[in-house]
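Colleague: I have a new model open and would like to learn how to read it. Could you walk me through it?

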Amino acid sequence: MDPMGNAFHTVLTAEIPGSFVFIVGCGPIGCFAVGIARAAGASKVIASDVNPKRLALAAKMGAHVTINAAKDDVVKTVLAETGGEGADVVCEMSGVPSALHQAFASVRMGGRVQLLGIPDGQVPMDFAMKSSSKGSRCTA
């Protein structure tokens, strides 16, 4: 019950109905998060991981789009899937430093990043605002 409860709390403490939701990390908690986001009314659920078996499970749980982070440009794919705006809600479930950076780079301006994954050590993060064609965006 612990993985399900963690996923439930991480996803549902954000506004999910009608949102673009990006789940980073498709272990047990991440896959539960995919199903919870779908059941809560997300308009699109995107999931990323480096493990093809976990991505296949995320698709079975209801992910509209899966991204193999070992092969594909995660941020570019999320932006393309969200009309260039970024995800409304990002749930970071892995704790992997590169995934944490992808989470912040994939959220829309004014969006929400939910952090559940716990990294092994410090993760340097650049929160300086960079200019882009859409205005300022937090980059990592």
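Modeller: Happily; we will go from the overall fold to one strand and then to two cysteines. Keep in mind throughout that this is a predicted model.

Colleague: How many helices and strands are in the chain, and what pattern does the chain follow?

Modeller: The chain has five helices and seven strands. Along the sequence, the pattern reads α-β-α-β-α-β-α-β-α-β-β-β.

Colleague: What does the radius of gyration tell me about the chain?

Modeller: The idea is to compare it with the value for a compact globule of 140 residues, which would be near 14 Å. This chain has 14 Å, so the two agree. The C-alpha atoms fill a box of roughly 40 × 35 × 30 Å along the principal axes.

Colleague: And how much of the chain is buried?

Modeller: Of the 140 residues, 41% are buried. The chain exposes about 7,100 Å², with carbon and sulfur atoms supplying 57% of that area. You can also look at contacts between residues at least 6 apart in sequence: 52% of them join residues at least 24 apart.

Colleague: Let's zoom in on a strand. Is β4 mostly covered or uncovered?

Modeller: In a regular strand, side chains alternate between the two faces of the sheet. Strand β4, residues 87-92, is mostly covered, with six of its six residues buried.

Colleague: Which strands does β4 pair with, and in which sense?

Modeller: Strand β1 (residues 20-24) pairs with β4 in the parallel sense over four bridges. To find that pairing on your screen, look for valine 21, which stands opposite valine 89 in β4. Strand β5 (residues 107-115) also pairs with β4 in the parallel sense, over five bridges. There, alanine 87 has valine 107 of β5 as its bridge partner.

Colleague: How does the chain get from β4 to β5?

Modeller: It passes through helix α5, residues 97-106, and this β-α-β crossover is right-handed.

Colleague: As a biochemist I always check the cysteines. How many disulfides does a search of the whole structure find?

Modeller: A disulfide is a covalent bond between the sulfur atoms of two cysteines. Here the search finds zero. For cysteine 26, the nearest cysteine sulfur belongs to cysteine 31 and is 5.0 Å away.

Colleague: Why is there no bond between cysteine 31 and cysteine 26?

Modeller: Because their sulfurs are 5.0 Å apart, which is too far for a bond; the cut-off for a disulfide is within 2.5 Å.

Colleague: Are these cysteines buried or exposed?

Modeller: Buried means under 20% relative accessible area. Cysteine 26 has 1% relative accessibility, so it counts as buried. Cysteine 31, at 3%, is buried too.

How values were computed: Residues numbered from 1 in each chain as written. Predicted model: local features only at pLDDT ≥ 70, side-chain atom pairs only at ≥ 80, totals over all residues. Heavy atoms only, no water. Buried < 20%, exposed > 50% of the residue type's maximum accessible area, 1.4 Å probe, protein only. Helix = DSSP H or I, 4+ residues; strand = E, 2+ residues; numbered from the N terminus. Pairing = 2+ DSSP bridges. Right-handed = clockwise from strand over helix to strand, strands pointing away. Rg over C-alpha atoms; globule rule 2.2 N^0.38 Å. Contact = heavy atoms within 4.5 Å. Areas by Shrake-Rupley, 256 points an atom, 1.4 Å probe, with all protein chains shown as cover.
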